[in-house]
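Subject: Structure handover

Hello,

I am passing a structure on to you. Please open it alongside this email. My notes come after it.

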Number of protein chains: 2
Amino acid sequence: MSGPAHPEGAGRREAVRVLIVDDHPVVRRGLRAMVDDLPDVEAVGEAADGAAALRLLDDGTRPDVVLMDLQMGDGMHGVEATRRITARPSPPAVLILTTYSTDADILAAVEAGATGYLLKDAPPEEVAAAVHAASRGETVLAPPVAARLLGRVRAGGRPALTQRETEILGLVAEGLANKQISRRLFISEATVKTHLVHIYGKLGVDSRTAAIAAGLAAGLIRAV
Amino acid sequence: MSGPAHPEGAGRREAVRVLIVDDHPVVRRGLRAMVDDLPDVEAVGEAADGAAALRLLDDGTRPDVVLMDLQMGDGMHGVEATRRITARPSPPAVLILTTYSTDADILAAVEAGATGYLLKDAPPEEVAAAVHAASRGETVLAPPVAARLLGRVRAGGRPALTQRETEILGLVAEGLANKQISRRLFISEATVKTHLVHIYGKLGVDSRTAAIAAGLAAGLIRAV
DNA sequence: CCGAAAATCAATCGAACGGTTGAGGGCGGC
DNA sequence: GCCGCCCTCAACCGTTCGATTGATTTTCGG
């Protein structure tokens, strides 16, 4: 846990090897251009989704840092990909790079083992600094992200729903009725209602539709 | 209306001049790299938001094509920027480039005078072809966008809610109860229910939460 | 080891919601 | 002028939802 391994030994200061994972060709191109502009940093591959990234790793690509987009249309979601990458032996550092920071995303990504969290509107210098920091095993968070996390922790983390509650709120937002949710999760309808009461309390609302609005606004769930 | 003006005269086939407008440095970098790779195309400027783009135009930058992101965090929204750009004398063609296509966005952008609509996950060749087509004054739509528009027109615009229905669906998505909606719109609760029944029918759902989900998915309403 | 939090289930009750039927006024197209 | 669509309102009825109370199990941390 003291940073990524350097299999070739440290004869001299070799370049930081970066793998770019994003489903948008435009973004991949931009990241590669940014990365290649930096001294001591080189892009060693690109992947359009999590599955492709894992294949590259299986095929012997050994990056020090993975720049990973969170929301990737089809295919594996960034959080899941992060989880699988960090579960590998001597894993690279995973830097999450995403358009906007919903609280749920940040927490999930950190839990999945991400080393840092960058916003796509970050200036190039910030991306550069983050890549270097990540290669040294340091945690990097974009200022807005850090502030959000701090605010959340400082506020006692109150609006934080439990895992199950978040899951149920997500199903509510998909338009499912309590009975449907209960069948989907193999629990009784009574349990669903209990969770909902807790959710309403935490969000300060008193109806399922208001809970959807509040959940979307707080970034606890995402509008597909 | 036969394509952008060529102030220097047409002594020889000069390059298509492109202005890039996006609030993400990464995306700007990627677009510039893509554009510069193309023969006969050159980037003449970058702007981080609509206001900056208009300033550039005021200062004499004369692009043939503007590559414009729709959702820009702070500052002017892409639709509004498009409207103002196309309202200028001898305007450049505006190519909308966005992450995902909600129907409302597409229609608004087209109404605002956009020449075309591209998705950010489009391959580079598609971007290249679109830039050239736009510079010739042609309309270009990414296949998924075109299909969506066609499907809408062919279906007789059926899932199109009336103005009032859209308004009510929006309030429902904000978490308001029927009685609250009735007071907000100065109509009776019975009327709200009638509208809702019509909305359910058009969206093919049978509950208000499902209507929210369907409305978001169809781009009829937007998650703030 | 014990208390707190999370997740599960049950039963009840009033209020809100969803579906149906019916109806009237305004407005634009044929 | 008439037909259709939109917006408005009303009454009824069955279902779902939200609130409350109370209970069990597991898990985590002090």
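Below is what was found, first at the DNA and then in the helix packing.

One caution before the details: this is a predicted model.

**DNA strand C**

Start with DNA strand C, which has 17 residues around it. The closest are A:T162, A:R164, A:S188, A:H195 and B:R208. Sugar or phosphate supplies 71% of the strand C atoms within 4 Å of the protein, and bases supply the rest.

Three polar contacts are worth a look. In A:R164, a polar side-chain atom sits 2.8 Å from a phosphate oxygen of strand C. A:T191 also reaches a phosphate oxygen of strand C with a polar side-chain atom, at 3.0 Å. From chain B, a polar backbone atom of B:D206 is 3.2 Å from a sugar or linking oxygen of strand C.

Which elements build this surface? α7 (163–173) and α9 of chain A, together with α9 of chain B, each give at least two residues. The largest share is from α9(A), with 4 residues. By class, the surface near strand C has 5 nonpolar, 8 polar and 4 charged residues.

**DNA strand D**

DNA strand D has 19 residues around it. A:Y200, A:R208, B:T162, B:R164 and B:S188 come nearest. Of the strand D atoms that come within 4 Å of the protein, 69% are in sugar and phosphate.

Both protein chains reach phosphate oxygens here. For A:Y200, an N or O atom of the side chain is 2.8 Å from a phosphate oxygen of strand D. For B:R164, the corresponding distance from a side-chain N or O atom is 2.7 Å. A:N178 uses its backbone: an N or O atom there lies 3.2 Å from a phosphate oxygen of strand D.

The surface near strand D draws at least two residues from α9 (189–203) of chain A and at least two from α9 (189–203) of chain B. Its residues divide into 6 nonpolar, 7 polar and 6 charged.

**Helix packing in chain B**

α9(B) also packs against other helices of its chain. Take α7(B) (residues 163–173) to begin with. Its axis and that of α9(B) are 10 Å apart, at an angle of about 95°. The two helices are therefore roughly perpendicular to each other. On the α7(B) side, the contact is made by B:R164, B:E165, B:I168, B:L169 and B:V172. On the α9(B) side, it is made by B:V192, B:H195, B:L196, B:H198, B:I199, B:K202 and B:L203. By class, this contact has 7 nonpolar, 2 polar and 3 charged residues. Note B:R164: this residue is in the contact with α9(B), and its side chain makes the 2.7 Å approach to a strand D phosphate oxygen.

Next is α10(B) (residues 208–218). The axes of α9(B) and α10(B) come within 10 Å and cross at roughly 50°. The pair is therefore oblique. The crossing is left-handed. B:L196, B:Y200 and B:L203 of α9(B) meet B:R208, B:A211, B:A214 and B:G215 of α10(B). That contact has 5 nonpolar, 1 polar and 1 charged residues. B:R208 appears again here: this residue is part of the contact with α9(B) and is among the closest residues to strand C.

**Between the chains**

How are α1(A) and α1(B) set against each other? Both helices span residues 25–37, and they pack at about 90° with their axes 7 Å apart. They are therefore roughly perpendicular. From α1(A), the contact takes in A:P25, A:V26, A:V27, A:R29, A:G30, A:L31, A:A33, A:M34 and A:D37. From α1(B), it takes in B:P25, B:V26, B:V27, B:R29, B:G30, B:L31, B:A33, B:M34 and B:D37. The count by class is 12 nonpolar, 2 polar and 4 charged.

Best wishes

Conventions. Residues are numbered from 1 along each chain as its sequence is written. Chains are lettered from A and ligands numbered from 1 in the order in which they are written. This is a predicted model: local features need pLDDT of at least 70, side-chain atom pairs count only at pLDDT 80 or more; totals for chains, interfaces and linings use all residues. Side-chain values use heavy atoms; hydrogens and water are left out. A residue is near a molecule or strand if one of its heavy atoms lies within 4 Å of it. A polar contact is a pair of N or O atoms within 3.5 Å; within protein, one must be able to donate a hydrogen and the other to accept it, and residues adjacent in sequence count only if both atoms are side-chain atoms. Ala, Val, Leu, Ile, Met, Phe, Trp, Tyr, Cys and Pro count as nonpolar, Asp, Glu, Lys and Arg as charged, and the others, Gly among them, as polar. Axes are lines fitted to C-alpha atoms, for helices over the stretch in contact, and angles run from 0 to 180 degrees between N-to-C directions. Angles under 35 degrees count as roughly parallel, over 145 as roughly antiparallel, 65 to 115 as roughly perpendicular and the rest as oblique. A crossing is left-handed if the near helix is turned anticlockwise from the far one by less than a right angle, and right-handed if clockwise. Contact means heavy atoms within 4.5 Å.
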